[in-house]
4 protein chains.
Amino acid sequence: MKGDGHLSPTDNVTIRRGRPVGDREARRIELLNAGVQVIAELGLGGASLRKVAKKAGYTTGAVTYYFANKEQLFAAIVEYMFQRFDEMLYAGEDIGDYRRRFEHWFDINADSFIWPAGFQLLTRARHDAELAAIYRDTYAQYRRITTRRIEAQQKSGTIRDDISAELLAEQIAALADGWAMMLPIEPDRFTPERVDRLLDALLRQMAPSRS
Amino acid sequence: MKGDGHLSPTDNVTIRRGRPVGDREARRIELLNAGVQVIAELGLGGASLRKVAKKAGYTTGAVTYYFANKEQLFAAIVEYMFQRFDEMLYAGEDIGDYRRRFEHWFDINADSFIWPAGFQLLTRARHDAELAAIYRDTYAQYRRITTRRIEAQQKSGTIRDDISAELLAEQIAALADGWAMMLPIEPDRFTPERVDRLLDALLRQMAPSRS
Amino acid sequence: MKGDGHLSPTDNVTIRRGRPVGDREARRIELLNAGVQVIAELGLGGASLRKVAKKAGYTTGAVTYYFANKEQLFAAIVEYMFQRFDEMLYAGEDIGDYRRRFEHWFDINADSFIWPAGFQLLTRARHDAELAAIYRDTYAQYRRITTRRIEAQQKSGTIRDDISAELLAEQIAALADGWAMMLPIEPDRFTPERVDRLLDALLRQMAPSRS
Amino acid sequence: MKGDGHLSPTDNVTIRRGRPVGDREARRIELLNAGVQVIAELGLGGASLRKVAKKAGYTTGAVTYYFANKEQLFAAIVEYMFQRFDEMLYAGEDIGDYRRRFEHWFDINADSFIWPAGFQLLTRARHDAELAAIYRDTYAQYRRITTRRIEAQQKSGTIRDDISAELLAEQIAALADGWAMMLPIEPDRFTPERVDRLLDALLRQMAPSRS
DNA sequence: AATGAATGAGTGTTCATTCAT
DNA sequence: GATGAATGAACACTCATTCAT
């Protein structure tokens with residue numbers, strides 16, 4: 001199992017004078033990673049601060065030192081997940097890139113546990129104001145960006161324009177959420193070929209209807 | 001608050017031979033209802049057998065008397081959710097009915113807490129073999145039925161046939177899951193008009209491309 | 001060490017049909033006793049539910065089963081203390097009884113730990129609304145009764161009437177509080193003879209000034 | 001909120017030889033002040049070194065740097081309280097001054113949190129040898145001084161001599177303790193007028209019985 | 001002199017579960 | 001059939017304290 005995916009702390013540790021401060025950020029990420037792994041292995045219900053600490057090789061107190069709350073640790077994980085998501089979102093420009101983006105996203109999911117873990121966390125959003133806010137903000141931003149992008153492609157004729165860009169954006173989001181939901185339960189159903197065909201179908205449905 | 005939706009216990013009491021066991025069934029359903037409500041109100045993490053018992057007006061012991069386990073209570077709730085889902089699935093026959101089906105499904109979600117509750121439960125499927133089995137079976141059946149139905153409509157020319165029926169079925173399922181995910185977090189985004197337009201878009205994407 | 005003083009549970013267990021219910025009250029008192037002892041031995045800061053449970057020979061969970069809260073356990077102890085106090089208050093009628101009352105009270109303090117324990121609890125009243133309420137109510141009642149009683153004795157000429165009955169009542173209360181404060185810290189200073197002389201002095205100061 | 005009353009650090013910095021240690025002393029007093037405030041606000045149970053440090057604007061480590069122990073910080077606070085008490089004790093000489101002394105003392109209590117805080121600390125004396133020693137020493141000294149003073153006034157005929165000076169001294173101490181106990185719980189009952197009447201009653205009881 | 005990271009024991013509390021009644 | 005007393009492990013969290021820097 002690798003499982004650490006893109007959660008590399010290394011970038012933050014630059015040369016500093018005096019006591020190392022970069023450590024703090026590095027430790028946080030270590031704990032974040034441990035949290036992701038524990039959630040992925042044991043599920044949300046089985047994820048306790050104790051177990052996160054143990055997985056990271058720290059004491060219980062260390063976790064609460066870096067994160068005031070369980071809630072805040074979890075919120076941090078979700079935020080991290082969305083940062084990955086954003087990177088994907090901003091890569092590429094035209095419609096063909098949708099395929100590349102989704103493939104990248106499926107890669108992340110296969111490679112790291114961050115998405116399944118964060119996604120489980122998201123189901124708590126209804127009862128956790130902080131998570132709900134993160135969720136809403138991220139989705140709002142996603143919708144804004146994607147809608148604008150689709151609009152551009154509708155104008156250039158690469159995406160059908162008989163459905164509003166905004167509806168298409170929302171549809172894609174829902175589709176991605178649904179896949180993220182299914183993925184950890186039936187991972188075998190998401191082979192690369194299958195993913196390819198799913199994306200094919202989606203792109204075909206978004207293509208301008210041929211005269 | 002109504003919130004009980006279609007969870008009426010009476011339907012389950014069919015004619016039986018021997019000692020009437022109807023009461024037993026009725027109690028079970030009462031507890032199921034209480035479980036759904038507690039999960040909907042407090043989230044999965046906040047749902048304890050104690051609270052379910054209290055909500056149903058029973059003692060703690062009663063819950064463990066009717067359900068050997070917390071797991072089994074939860075599995076029973078998910079099963080109940082899918083029974084509702086099935087009813088929706090079997091109603092209607094042709095493509096236009098998709099709209100009716102989804103509308104019906106959105107109604108259930110607005111009316112009762114069963115879907116949001118069961119859906120949260122589903123996120124545990126990865127770590128709960130029993131839930132995973134229920135999930136897989138239900139989805140397999142869904143795919144079988146829906147695929148066959150779409151194939152029929154593809155033949156009759158009411159659904160595009162350049163995408164395999166099976167892929168379309170899976171896509172619809174993912175879409176529904178994604179919506180079910182978003183619904184409890186941003187309920188305001190799912191007004192009847194909005195739902196109408198979302199369904200419109202979906203149907204248009206499934207329609208055969210005009211010659 | 002005796003330490004159980006007047007906290008006898010026996011009265012509550014009468015003959016009953018079916019499952020014994022009197023047990024409940026008896027267990028509560030057992031735990032109350034254990035709480036008193038732990039506070040007396042370890043101080044308020046050292047009194048944890050765990051230690052109370054252990055002292056009573058129960059598990060941790062049992063304590064929280066009988067008392068929803070640490071606060072409620074503590075409030076119950078204070079209430080118990082004041083019940084003892086009330087018994088003292090209602091015994092006897094005329095001024096000479098003050099001596100008997102105080103002697104009885106000093107006896108309780110020497111015999112059981114309930115007063116020192118409860119008294120320590122009282123210092124929390126400022127930050128614990130429930131305790132504060134108990135304190136205020138008890139003192140208000142004490143003042144009412146004692147004031148009325150002193151008034152009667154002022155009329156019959158056995159207590160000086162150049163100081164209002166109400167002020168004398170308050171003074172006695174403060175004096176008792178002060179003694180209760182000192183007692184656990186310097187117990188050696190409160191020998192029976194010394195107590196006698198302290199009471200003598202008090203009574204002399206309350207006596208009518210000779211013509 | 002003022003609340004710092006007489007806890008000004010400046011007074012303590014007297015002329016010293018060698019390296020100036022004034023800073024150190026000043027810091028100590030700052031932390032003492034913070035401790036008093038935290039105890040007054042949160043109660044003894046809620047007072048942690050962390051909170052004291054935060055209130056004073058220092059780091060956690062600083063507190064343990066200036067005070068080896070929590071116990072020692074607390075002991076220092078009690079000592080400080082008694083220094084204030086002593087100042088009161090030594091002011092004035094004859095019986096009329098009792099009123100002035102008590103008024104001064106009630107002023108301190110209304111003005112600063114030192115007495116309520118220190119008093120709460122005192123309840124720990126039973127289980128904290130250091131505190132107990134401070135308490136005993138202070139009271140012993142108080143008794144010595146006050147007894148001698150009352151004796152003098154008994155000789156001069158301004159205080160009744162049918163009760164021993166020592167008993168009167170102890171009585172006054174107990175009374176003051178009782179008031180200090182009640183004050184934080186029912187502050188509204190101690191208006192200046194009421195205090196006046198309480199002191200009146202006390203003085204009248206100490207006055208020589210009129211021929 | 002002072003910091004703040006880290007510890008690890010301990011807290012109150014909740015909980016699923018058991019079982020005599 | 002159903003209760004509810006009791007368990008004991010687990011939880012999130014707080015804390016006094018230590019110590020390298």
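## DNA strand F

In this predicted model, several helices each supply at least two residues of the surface near DNA strand F. They are helix H2 (49–56) and H3 of chain A, H3 of chain B, helix H1 (22–42) and H3 of chain C, and helix H2 (49–56) and H3 of chain D. Helices here are DSSP runs of H or I with at least four residues, numbered from the N terminus. A residue is near a strand if one of its heavy atoms lies within 4 Å of it. There are 36 residues around DNA strand F, and B:Tyr65, B:Tyr66, C:Arg27, C:Tyr65 and C:Tyr66 come nearest. By class, this surface has eleven nonpolar, twelve polar and 13 charged residues. Ala, Val, Leu, Ile, Met, Phe, Trp, Tyr, Cys and Pro count as nonpolar; Asp, Glu, Lys and Arg count as charged; the others, Gly among them, count as polar.

Which part of DNA strand F do the atoms within 4 Å of the protein belong to? Sugar or phosphate accounts for 70% of them, and bases for the rest. Some atom pairs show this surface in detail. A polar side-chain atom of B:Tyr66 lies 2.4 Å from a phosphate oxygen of DNA strand F. For a polar side-chain atom of D:Lys70, the distance to a phosphate oxygen of the strand is 2.9 Å. A:Leu49 uses its backbone: an N or O atom there lies 3.0 Å from a phosphate oxygen of DNA strand F.

## DNA strand E

DNA strand E has 34 residues around it. A:Arg27, A:Tyr65, A:Tyr66, D:Tyr65 and D:Tyr66 come nearest. The surface near this strand divides into ten nonpolar, twelve polar and twelve charged residues. Of the strand atoms within 4 Å of the protein, 71% belong to sugar or phosphate, and the rest to bases.

B:Arg50 meets a base: one of its polar side-chain atoms lies 3.2 Å from a base nitrogen of DNA strand E. A backbone N or O atom of C:Leu49 lies 3.0 Å from a phosphate oxygen of DNA strand E. In the side chain of C:Lys51, an N or O atom is 3.4 Å from a phosphate oxygen of the strand. The elements that give two or more residues to this surface are helix H1 (22–42) and helix H3 (60–66) of chain A, helix H2 (49–56) and helix H3 (60–66) of chain B, helix H2 (49–56) and helix H3 (60–66) of chain C, and helix H3 (60–66) of chain D.

## Chains A and B

The contact (heavy atoms within 4.5 Å) takes 50 residues from chain A and 49 residues from chain B. About 4600 Å² is buried between these two chains, 56% of it on carbon and sulfur atoms. Buried area is the accessible area (1.4 Å probe) that two parts lose on being put together, summed over both. In chain A, A:Arg126, A:Ile185 and A:Gln205 lose the most area to chain B, together 15% of what that side buries.

How many salt bridges are counted between chain A and chain B? The count is eight. A salt bridge is a side-chain nitrogen of Lys or Arg within 4 Å of a carboxyl oxygen of Asp or Glu. One of them joins the side chains of B:Arg189 and A:Glu170 (2.2 Å, N to O). On the side of chain A that touches chain B, helices H1, H6 (114–122), H7 (129–155), H8 (165–182) and H9 (192–206) each give two or more residues. The largest share, 13 residues, comes from H8(A). By class, that side has 26 nonpolar, nine polar and 15 charged residues.

## Symmetry of A and B

A turn of 179° and a shift of 0.1 Å along the axis lay chain A on chain B with an RMSD of 0.2 Å. That is the relation of a two-fold axis. The same surface serves both copies, as 98% of the contact residues of chain A recur in chain B. Copies are superposed by least squares on the C-alpha atoms of residues with pLDDT of at least 70 in both. Of the residues of chain A, A:Gly178 comes closest to the rotation axis, at 2.0 Å (C-alpha).

## Chains C and D

Here 50 residues of chain D are in contact with 49 residues of chain C. The two chains bury about 4500 Å² between them, 56% of it on carbon and sulfur atoms. D:Arg126, D:Ile185 and D:Gln205 supply 16% of the area that chain D buries against chain C, more than any other three residues.

Across this interface the rule finds eight salt bridges. One of these links C:Glu170 and D:Arg189 (2.8 Å, N to O).

## Reading the numbers

Residues are numbered from 1 along each chain as its sequence is written, and chains are lettered from A and ligands numbered from 1 in the order in which they are written. Local features need pLDDT of at least 70, side-chain atom pairs count only at pLDDT 80 or more, totals for chains, interfaces and linings use all residues, and side-chain values use heavy atoms, with hydrogens and water left out.

Notes
A polar contact is a pair of N or O atoms within 3.5 Å; within protein, one must be able to donate a hydrogen and the other to accept it, and residues adjacent in sequence count only if both atoms are side-chain atoms.
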